[in-house]
Amino acid sequence: YGADLMRVPSEYISNPGLYEELQAEGRLFDLDEYEGLKIDYLRPLQPGVSLVHAVHLTGTEDEVSTYSCMAQMMSLETGEYVVARFDSNLDFFGRAQFGLGHVLVNMMLRNEEGNPDPTGSIDMNYFMPTSTIGVKLMPSEGQSSLSFYQTVSPSFSIGTEILHVEPVAFTLLRMGAKLFRSYGILSGMIGTNGVVLAQYVREFEPRRLALFTEYLLMPTQNGLESTVKFGYRQQYSDQVCVTTKFGTDWRIQTQLDTDVRGLGKFTLLGNVDHNTGKYKMGVCLSVTN
C-alpha cells in the first residue's frame with residue numbers, strides 16, 4: 001500500500017535518479033506471493049483522495065484472514081501523498097512523501113501486533129542536475145545509510161551506498177552500475193559482505209515481450225552459494241499480461257494480470273517450491289467504483 005503511488009515531483013526535481021533505481025527494471029519480475037482470495041475495493045472520494053477496503057481470505061496456518069481499510073491523499077501535480085492503513089490484526093501502516101525545494105522526503109511508520117515498539121524510517125534525497133545524495137535513518141532498527149547516485153551519461157549510471165548498523169557497529173559498502181544499450185539493460189551491485197548481484201533485462205517492443213536474467217552470489221555458513229533466475233513477461237493485449245520466473249533455487253512463480261472492463265483488475269498467481277514440496281495459489285480482484 002502506498003508504494004505504487006510513489007512519484008518524483010518533476011516541478012522541483014530535475015534528475016529523477018535514486019540509488020535504489022539501479023535495479024528498477026528487475027522489479028517488474030518481483031511477483032506477489034500469497035494464498036487465498038483477496039478483494040480490494042477502491043472508492044475515489046474526490047480527485048487525489050480515495051478510500052480502499054481490502055479483504056484477504058485464507059485457511060492456511062501461515063496466513064490469517066484479515067480486513068484492512070486504507071485512506072490515501074495524493075497531489076496529482078507533484079506526486080506528494082499521505083497514506084494510512086489499519087487492519088483487523090490491529091496493525092498500522094503510515095507513509096508520507098513531500099518535497100522541500102530540491103529535497104524529496106519519504107517517511108514511514110509501522111506498528112504490528114505483538115510488537116510494542118513501532119518501527120519507522122525517514123528517507124531524504126537531495127537532487128542535483130545529474131546526481132542524487134540520499135540519507136536514510138531507521139532508529140528502531142539501529143540502521144542508517146548514505147547513498148550517492150550519478151548519471152554519467154544517458155546510457156550509464158553509477159551509485160554507492162554506505163550502511164551502518166548499531167549496536168554491532170557493522171558497516172557495509174555497496175556499489176552498483178547500470179548500462180543502457182539497444183540489446184538490453186545490464187545492472188550490477190557488489191558489497192563488502194561478499195554479495196554480488198547482476199541483472200539483465202531485454203525488452204522486445206513489437207512483441208510486447210520482456211526477458212529477465214539474474215545472478216546472485218551470497219556467502220553462507222556452508223561457503224559461497226549462487227543462484228540463477230530467469231523470467232519472461234508477455235503482454236498479450238492491452239488487458240492481459242503473464243509473468244513467469246524460475247531458477248536454480250527450484251522455485252517457480254507465475255502471475256496472470258487482466259483488466260476487466262467496467263469492473264477493475266483480476267490477478268491469478270501460483271508459487272511452487274520444489275525444495276519443500278509446498279505450493280501456493282492466490283486470486284485477487286481489485287474493483288474501482
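1. Among the contacts in the chain that link residues at least 6 apart in sequence, 29% join residues at least 24 apart. This figure belongs to a predicted model, and the points below should be read with that in mind. In secondary structure the chain has zero helices and 19 strands.

2. On overall dimensions, the C-alpha trace spans about 45 × 45 × 45 Å along its principal axes. The radius of gyration of the chain is 20 Å, which agrees with the value near 19 Å that a compact globule of 289 residues would have.

3. On burial and surface, 33% of the 289 residues in the chain are buried. The chain exposes about 16700 Å², and carbon and sulfur atoms supply 60% of that area.

4. A nonpolar patch of about 630 Å² lies on the surface, and the residues that make it are F230, F246, I252, L268, V272, Y279 and M281. Two strands, β18 (264-273) and β19 (278-288), each supply at least two residues of this patch. One of the patch members, F230, belongs to strand β15, which covers residues 223-235. Because its relative accessible area is 36%, F230 is classed as partly exposed, and residues need over 30% relative accessible area to be part of a patch.

5. A reader may wish to look next at S121, which sits in strand β7 (residues 119-127). Is S121 buried or exposed? Its relative accessibility is 15%, so S121 counts as buried, the cut-off for that class being under 20%. When residues up to four places away in sequence are not counted, S121 touches N106, M107 and M108, and also K136, L137 and M138. Of these residues, M138 can be placed at the end of β8, since that strand is given as 131-138.

6. Just beyond that strand, S140 is found in the loop between β8 (131-138) and β9 (143-153). At 41% relative accessibility, S140 counts as partly exposed. Which residues does S140 contact, once its neighbours within four places in sequence are left aside? They are P118, T119 and G120. The C-alpha atoms of S140 and T119 are separated by 5.4 Å, although the two residues are 21 residues apart along the chain. For G120, a polar atom of the S140 side chain lies 3.5 Å from the backbone nitrogen of G120. T119 and G120 fall within the residue range of strand β7, which is 119-127, so that the S140 loop and the strand holding S121 can be examined together.

7. Two loop residues deserve a check of their backbone angles. L90, in the loop between β4 (81-87) and β5 (92-100), has a phi near 65°, which is a positive value in a residue other than glycine. With a relative accessible area of 71%, L90 is exposed.

8. The other residue is W250, which is placed in the loop between β16 (240-247) and β17 (251-260). Its phi is likewise near 65°, again a positive value in a residue that is not glycine. W250 is exposed, with a relative accessible area of 57%, and this value is over the 50% that the exposed class requires.

Note on methods
Residues are numbered from 1 along each chain as its sequence is written. This is a predicted model: local features need pLDDT of at least 70, side-chain atom pairs count only at pLDDT 80 or more; totals for chains, interfaces and linings use all residues. Side-chain values use heavy atoms; hydrogens and water are left out. Patches are made of residues with over 30% relative accessible area and no salt bridge: like charges are joined within 9 Å, nonpolar side chains (Val, Leu, Ile, Met, Phe, Trp, Tyr) within 5 Å. Accessible areas come from the Shrake-Rupley method with a 1.4 Å probe; for residues, only the protein chains shown count as cover. A salt bridge is a side-chain nitrogen of Lys or Arg within 4 Å of a carboxyl oxygen of Asp or Glu. Helices (H or I, at least four residues) and strands (E, at least two) are DSSP runs, numbered from the N terminus. Buried means under 20% relative accessible area, exposed over 50%, partly exposed in between (1.4 Å probe, protein chains only). Contact means heavy atoms within 4.5 Å. The radius of gyration is taken over C-alpha atoms; the globule rule is 2.2 Å times the number of residues to the power 0.38. A polar contact is a pair of N or O atoms within 3.5 Å; within protein, one must be able to donate a hydrogen and the other to accept it, and residues adjacent in sequence count only if both atoms are side-chain atoms.
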